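Student: Could you take me through one part of this model closely? I would like to hear about the charged pairs and what surrounds them.

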Amino acid sequence: MSWTMAEVRELKVNRYMVIDDEPCKIVEMTTSKPGKHGEAKARIVAIGVFDGQKRSVVYPVKHKVQVPMVDKRSAQVLAITGDEVQLMDMETYETFHVPIPDEYRDALEPGKEIQYLEALGRRKITRV
C-alpha cells in the first residue's frame, strides 16, 4: 500500500492526491460555503504526475481521498538503451529501467546522477 487516506479539507496546493488511479499534483483548490441543507464543497484541479493530464474533481470537504506516498530519490545512470535508461538507486543500489522524457534526452549520459520520483509503483525522471 503506497498511499494513505486524508480528508479533502487537509489537502493543499502543491500536494498530491489520487484521481482515477493516477497520482496528481494539486494546482488549484477552491472551497464553497455550506448551504442551508448541504455541506461545504471543494473543487480541486490537479495535473497527473506521469501523464501530465489535467483533472478536476468536486468533493465535500469531509470526503476522504487517497494521498500517494511520493518518494523523491537520486540515482545514477548506468546505460542508455533506445527510449529507456537503466538507473541504479543511490541508497538501495537497486537497478531498474525508466523511459527517457523528451526534455532530458540529450542531457543523459552514463555515470551522471539524476533525481527521480516514485509513486504508486511507477517512476519518472524529474531532474538531471
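Tutor: Happily; here is a walk through the salt bridges, followed by a loop residue and the nonpolar cores.

A word on the ground rules: this is a predicted model, in which local features need pLDDT of at least 70 and side-chain atom pairs count only at pLDDT 80 or more, while totals for chains, interfaces and linings use all residues. Residues are numbered from 1 along each chain as its sequence is written, and side-chain values use heavy atoms, with hydrogens and water left out.

Side chains of opposite charge can pair when their charged atoms come close. A salt bridge here is a side-chain nitrogen of Lys or Arg within 4 Å of a carboxyl oxygen of Asp or Glu, and the count by this rule is 12. One of them links E91 and R73, at 3.3 Å from N to O. E91 sits in the loop between strand 8 (84-89) and strand 9 (95-99), whereas R73 belongs to strand 7 (residues 71-81), so the pair ties together parts that are 18 residues apart in sequence. Strands are DSSP runs of E with at least two residues, numbered from the N terminus. For accessibility, buried means under 20% relative accessible area, exposed over 50%, and partly exposed in between, using a 1.4 Å probe and protein chains only. E91 is exposed at 60%, but R73 is buried at 18%. Salt bridges with shared partners join D71, R73, D89 and E91 into one network.

Two further pairs are worth a look. R9 meets E7 at 2.8 Å, N to O, and R9 is partly exposed at 47%. R123 pairs with E118, their closest N and O atoms being 3.6 Å apart; R123 is partly exposed too, at 24%.

E7 turns up again beside H63, a residue in the loop between strand 5 (54-60) and strand 6 (64-68). Leaving aside neighbours within four places in sequence, H63 contacts A6, E7 and V8 (contact means heavy atoms within 4.5 Å). H63 and A6 are 57 residues apart in sequence, with 8.3 Å between their C-alpha atoms.

Now to the cores: a nonpolar core is a set of buried Ala, Val, Leu, Ile, Met, Phe, Trp, Tyr and Cys residues joined through side-chain atoms within 4.5 Å. The largest has 15 residues, and L11, M17, I19 and I44 have the most contacts inside it. Strand 4 (41-48) is among the elements giving two or more residues to this core, and its share, 3 residues, is the largest.

Definitions and conventions
Helix = DSSP H or I, 4+ residues; strand = E, 2+ residues; numbered from the N terminus.
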